[in-house]
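Here is a friendly tour for anyone about to load this model into a viewer. Keep the structure open alongside, and follow the topics below in whatever order suits you.

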Amino acid sequence: MKPFIRNFSSHLPANLTIKKGGYMLSKKLEDYLNNQNVQYAVIDHMATATAQRTAAAAHIPGNEMAKTVMLKVDDRMMMAVLPCHCRIDIGRLKEITGASNISLASEGEFRTYFPDCETGAMPPFGNLYGMDVFVDEQLSNDQKIAFNSGSHKELIQMPFKSFENLVHPHITRFTA
């Protein structure tokens, strides 16, 4: 499928924007992007089991495809955003954040933070959900970033600089 640019507001009362084909884009994210007048592409793809397979299905270079990993950092939730082919170095992230404890959050622990998203398909916009976002610096080396839109069948792709200006993430190296 070819990417298409969508920049419109929906008048649907639900938390999700339903579009032709029945897929969902987080209403909160779509409203935010449109209110900020940012150009972005919504890319349809078949559902896959991993971020790397999603990149392949959507014809996105692996180094531009970001995965969002939810972490429990002491007593709060945090987003770690990294290239789809990388793994988190928890020890390094613990040093960077100064946290006493960091662990991967279970779906049950983070699901309620994202009522407008399919479980596990949350976009890396922690600013919209009241949490810090840490982005691995490798993602900042590319012109574009692609990430889940709130659905397992759509990605959003935009310039990395636009993403950075909207989210204000902590950009540092925390991958193994």
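Let's begin at a turn: strand 5 and strand 6 make a hairpin with 2 residues between them, and D74 in that turn has a positive phi of about 55°. Please bear in mind that this is a predicted model. The chain holds 5 helices and 11 strands, and 49% of its 176 residues count as buried. Among contacts between residues at least 6 apart in sequence, 64% join residues at least 24 apart.

**Strand 5 and its partners**

- Strand 5 runs antiparallel to strand 6 (residues 76-83), and 8 bridges join the two.
- If you want a landmark in this pairing, M70 stands opposite M79 in strand 6.
- Strand 5 is also joined to strand 7 (residues 102-104), by 3 bridges and again in an antiparallel sense.
- Here the bridge partner of V73 is I102 in strand 7.
- Is strand 5 mostly covered or mostly open? It is mostly covered, as 6 of its 8 residues are buried.

**The largest pocket**

- The largest pocket offers about 640 Å³ of space.
- Two or more lining residues come from each of helix 2 (51-58), strand 5 (66-73), helix 4 (107-110) and strand 9 (144-148).
- Which element gives the most to this lining? That is strand 5, with 5 residues.
- In total 28 residues line the pocket, and those nearest its centre are A51, K67, T68, V69 and G120.
- Sorted by class, the lining has 16 nonpolar, 9 polar and 3 charged residues.

**Positive phi values worth a look**

- Most residues other than glycine have a negative phi.
- D74 is not a glycine, yet its phi is positive, at about 55°.
- D74 sits in the loop between strand 5 and strand 6, and with a relative accessible area of 30% it is partly exposed.
- H168 is another residue other than glycine with a positive phi, in this case near 55°.
- You will find H168 in the loop between helix 5 (160-167) and strand 11 (170-172).
- Is H168 buried or exposed? H168 counts as exposed, because its relative accessibility is 63% and the cut-off for exposed is over 50%.

**The ends of helix 3**

- At the N-terminal end of helix 3 (residues 90-97), D89 acts as the cap.
- The capping distance is 3.1 Å, taken from a side-chain oxygen of D89 to the backbone nitrogen of G91.
- After helix 3 comes G98, which has a positive phi near 75°.

**V135 and its surroundings**

- V135 belongs to strand 8 (residues 132-136).
- How accessible is V135, buried or exposed? V135 is buried, because its relative accessible area is 0% and buried means under 20%.
- Leaving aside residues up to four places away in sequence, V135 touches V81, F160, F163, P169, H170, I171, T172 and F174.
- One of these contacts, I171, is 36 residues from V135 along the chain, while their C-alpha atoms are separated by 4.8 Å.
- Another of them, V81, falls within strand 6 (residues 76-83), the strand that forms the hairpin with strand 5.

Methods. Residues numbered from 1 in each chain as written. Predicted model: local features only at pLDDT ≥ 70, side-chain atom pairs only at ≥ 80, totals over all residues. Heavy atoms only, no water. Polar contact = N/O pair within 3.5 Å; in protein donor to acceptor, adjacent residues only side chain to side chain. Helix = DSSP H or I, 4+ residues; strand = E, 2+ residues; numbered from the N terminus. 1 Å grid on protein atoms, 1.4 Å probe; cavity = no way out; pocket = protein on both sides within 12 Å on 5 of 7 lines; lining within 4 Å. Points joined across faces, edges and corners; volume = space filled by probe spheres on them. Nonpolar A, V, L, I, M, F, W, Y, C, P; charged D, E, K, R; others polar. Buried < 20%, exposed > 50% of the residue type's maximum accessible area, 1.4 Å probe, protein only. Pairing = 2+ DSSP bridges. Contact = heavy atoms within 4.5 Å.
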